[in-house]
Amino acid sequence: MDARRRQEASPGPGSGTARRRFLGLCAGVGLGAAACERAAPDRRPGAPDSRLPEAERERPGTGDWRIGSLGAPDAIAGYADRVSVTPGEEFGLSVSTTAAAFRISALRVGWYGGKQARRVWYSPRIPGRAQPSPRILAATRTVRAGWPRTLTVDTTGWPEGAYLLRLEAESGHQRYVPLIVRSTHGAGRTVLLHAPATWQAYNRWGGLSLYAGSDGGYAGRSLAVTFDRPYDLNGAEKFLVYEWAAVVLAERLGIPLAYTTGADVHTDPGVLAGAAAVVCLGHDEYWTPEQRRHVTAARDAGTNIAFLGANTCFRRIRLEASETGPGRTVVCYKSSYTADPCFPARPALVTTDFRAAPGADPESSLTGVLYEGYPVDAPYVVTAPDHWLYEGTKVRAGEGFGHLVGVEYDRVPPRTTAPGPLEITAHSPLVCDGRPSHSDSAYYTVTGGAGVFASGTMRWVEALIAATGDGSRHHGMDAATRAFVTRTTENLLRAFAEGPAAHHRPAPRPNTRQVYATAPA
């Protein structure tokens with residue numbers, strides 16, 4: 001919210017015209033042809049399509065995928081001119097560095113026998129240069145780097161998935177650029193829905209975000225932010241905190257997967273057609289009305305939906321073009337919505353909270369829960385230990401898991417109509433800003449057969465690596481909490497991968513009135 005916390009494959013031969021085109025581009029930036037080649041797709045009879053995640057399951061991982069040294073913010077940084085591409089598409093990278101040269105490792109996130117990533121491509125040595133300071137677009141206080149393209153990358157042979165492009169300066173400093181190599185078909189698959197609009201909303205590179213201006217105050221915040229700039233901190237902080245561990249777990253389970261982003265579903269919902277499930281990850285706050293409409297339609301057609309965070313689908317945004325291309329600007333006026341050019345003539349497109357006027361449409365009609373507050377730190381308390389979600393956890397009624405509820409939370413709104421028969425599976429007492437309340441995990445179904453689960457806490461994905469020393473901000477969560485959340489998430493993903501959950505799992509036992517009989521409403 002507005003006063004929010006601040007948190008190998010060796011290169012092989014390519015082929016065909018795509019390879020020749022890429023080598024020509026390499027030559028254009030002074031890169032040797034041999035160094036630009038990459039792993040070719042596996043064309044052996046009976047081999048899985050190398051573009052699909054299944055082809056990656058047995059491949060060796062790359063242990064050295066983390067950042068060793070960030071250095072100063074200007075040591076090295078960059079951004080891609082696309083938030084996602086399909087396998088074989090090109091994208092541009094704009095890089096600034098104080099080093100004489102740098103290289104790039106394209107690291108695909110996955111299980112890989114516990115190594116958690118694989119290097120799919122490695123660039124040759126690229127001459128470095130320091131790029132000019134960003135400019136600020138005065139009307140919306142938008143920071144735009146506007147750097148020229150440093151190189152063009154062709155993704156031929158890259159499997160679908162979530163990638164970290166690690167920029168590696170010769171000075172030893174490194175930074176990530178996130179990229180999704182997205183799927184075009186999700187039928188029968190579990191679609192992992194990444195949240196670049198939310199990553200960008202919190203991005204303070206250049207001094208401003210949708211939350212704060214250059215002086216740190218809310219009043220001077222950006223009203224629109226652009227993907228035409230690097231991300232702050234390590235370059236992929238929101239992905240690593242709120243999404244990475246869920247991707248690794250899903251890949252480890254071996255279920256059929258597809259990858260996309262909210263920005264892509266906004267434009268083309270085709271990947272959702274016939275999908276077994278859609279998984280929204282740990283922090284997915286900023287949605288366009290089109291994205292919400294498309295995900296809701298998928299639910300109504302029988303696609304299960306999992307919300308593994310809190311504060312999901314809270315902000316209504318628009319995606320507008322930048323100088324780089326379409327959909328590169330995230331617009332959200334929030335409390336200044338009367339200054340939005342769509343106000344008052346087009347209320348459904350005014351960029352404020354979904355639940356707020358004009359065009360109020362609370363997110364609970366999709367998620368089953370309603371965002372309530374920040375900040376909070378509380379135990380997660382199970383109320384339905386016999387629910388199929390908790391099978392194998394040995395959890396007992398009233399048992400709590402410390403610090404799992406936070407830093408933001410959702411609850412079931414007891415005085416509103418649920419989108420379908422809804423069961424509260426965890427009901428966790430808390431105090432937020434001096435006011436007692438509860439966080440709820442909830443499960444509901446709709447007539448088309450889809451099941452929908454909402455965790456009600458933003459720490460769900462973080463808990464998957466709690467107390468491992470694996471770069472997590474575990475907030476005091478322990479190994480028992482990690483084991484509970486991991487098994488519950490495994491149960492959820494495996495069940496949802498089987499198709500409409502109402503057809504093969506026990507029905508929800510509506511209990512909102514009972515649970516809230518003695519609780520504050």
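Student: How do the residues lining the largest pocket divide into nonpolar, polar and charged?

Tutor: This is a predicted model, and in it the lining has 7 nonpolar, 10 polar and 8 charged residues. Arg and Asp count as charged, whereas Ser and Thr fall among the polar ones.

Student: How much space lies in that pocket, and which residues are closest to its centre?

Tutor: The largest pocket holds about 530 Å³. Of the 25 lining residues, Arg82, Ser84, Arg182, Asp264 and Thr267 are the closest to the centre.

Student: Which element gives the most to the lining?

Tutor: That's α6, with 4 residues. Both β3 (90-97) and α6 (262-267) supply at least two residues each.

Student: Moving on to the rings, why is the pair Tyr79 and Trp147 called tilted?

Tutor: The search of the whole structure turns up 20 aromatic pairs. In this one the ring centres are 5.7 Å apart and the planes sit at 40°. A pair needs centres within 6.5 Å, and tilted covers what is neither under 30 degrees (stacked) nor over 60 (edge-to-face), so 5.7 Å makes it a pair and 40° makes it tilted.

Student: What makes this pair a tie between separate parts of the chain?

Tutor: Tyr79 sits in strand β1 (residues 76-80), while Trp147 is in the loop between β8 (142-144) and β9 (151-154), so the pair ties together parts 68 residues apart in sequence.

Student: Why are these two residues classed as buried?

Tutor: The cut-off for buried is under 20% relative accessible area. Tyr79 comes in at 6% and Trp147 at 9%, so both pass as buried.

Student: Which residues do ring pairs link into a cluster?

Tutor: Tyr380, Tyr390, Phe401, Phe453, Trp460 and Phe484. Phe484 is also one of the buried residues of α10.

Student: How do you know that α10 has the span expected of a helix?

Tutor: Helix α10 runs over residues 479-497, 19 residues in total. The expected span is 1.5 Å times one less than the number of residues, which comes to 27 Å here, and the first-to-last C-alpha distance is 27 Å, close to that value.

Student: What makes Asp478 a cap for α10?

Tutor: One of its side-chain oxygens lies 3.3 Å from the backbone nitrogen of Ala480, at the N-terminal end of the helix. A polar contact has to be within 3.5 Å, so the distance fits. Just after α10, Gly499 has a positive phi of about 110°.

Student: Is Lys334 buried or exposed, and why?

Tutor: Buried: its relative accessibility is 1%, and the cut-off is under 20%, so the label holds. Lys334 lies in the loop between β20 (329-331) and α8 (364-367). Its phi is near 50°, a positive value in a residue other than glycine.

Student: What about Ala467, and why does it get its accessibility label?

Tutor: Ala467 has 41% relative accessibility. Buried stops under 20% and exposed starts over 50%, so 41% is partly exposed. Ala467 sits in the loop between α9 (460-463) and α10, and its phi, near 60°, is positive too.

Student: Which peptide bonds are cis in the loop between β20 and α8?

Tutor: Among them are Phe343 to Pro344, with omega near -5°, and Ala357 to Pro358, with omega near -5°. Pro344 and Pro358 are both placed in that loop.

Note on methods: Residues numbered from 1 in each chain as written. Predicted model: local features only at pLDDT ≥ 70, side-chain atom pairs only at ≥ 80, totals over all residues. Heavy atoms only, no water. 1 Å grid on protein atoms, 1.4 Å probe; cavity = no way out; pocket = protein on both sides within 12 Å on 5 of 7 lines; lining within 4 Å. Points joined across faces, edges and corners; volume = space filled by probe spheres on them. Buried < 20%, exposed > 50% of the residue type's maximum accessible area, 1.4 Å probe, protein only. Polar contact = N/O pair within 3.5 Å; in protein donor to acceptor, adjacent residues only side chain to side chain. Phe/Tyr/Trp six-rings, centres within 6.5 Å; stacked < 30°, edge-to-face > 60°.
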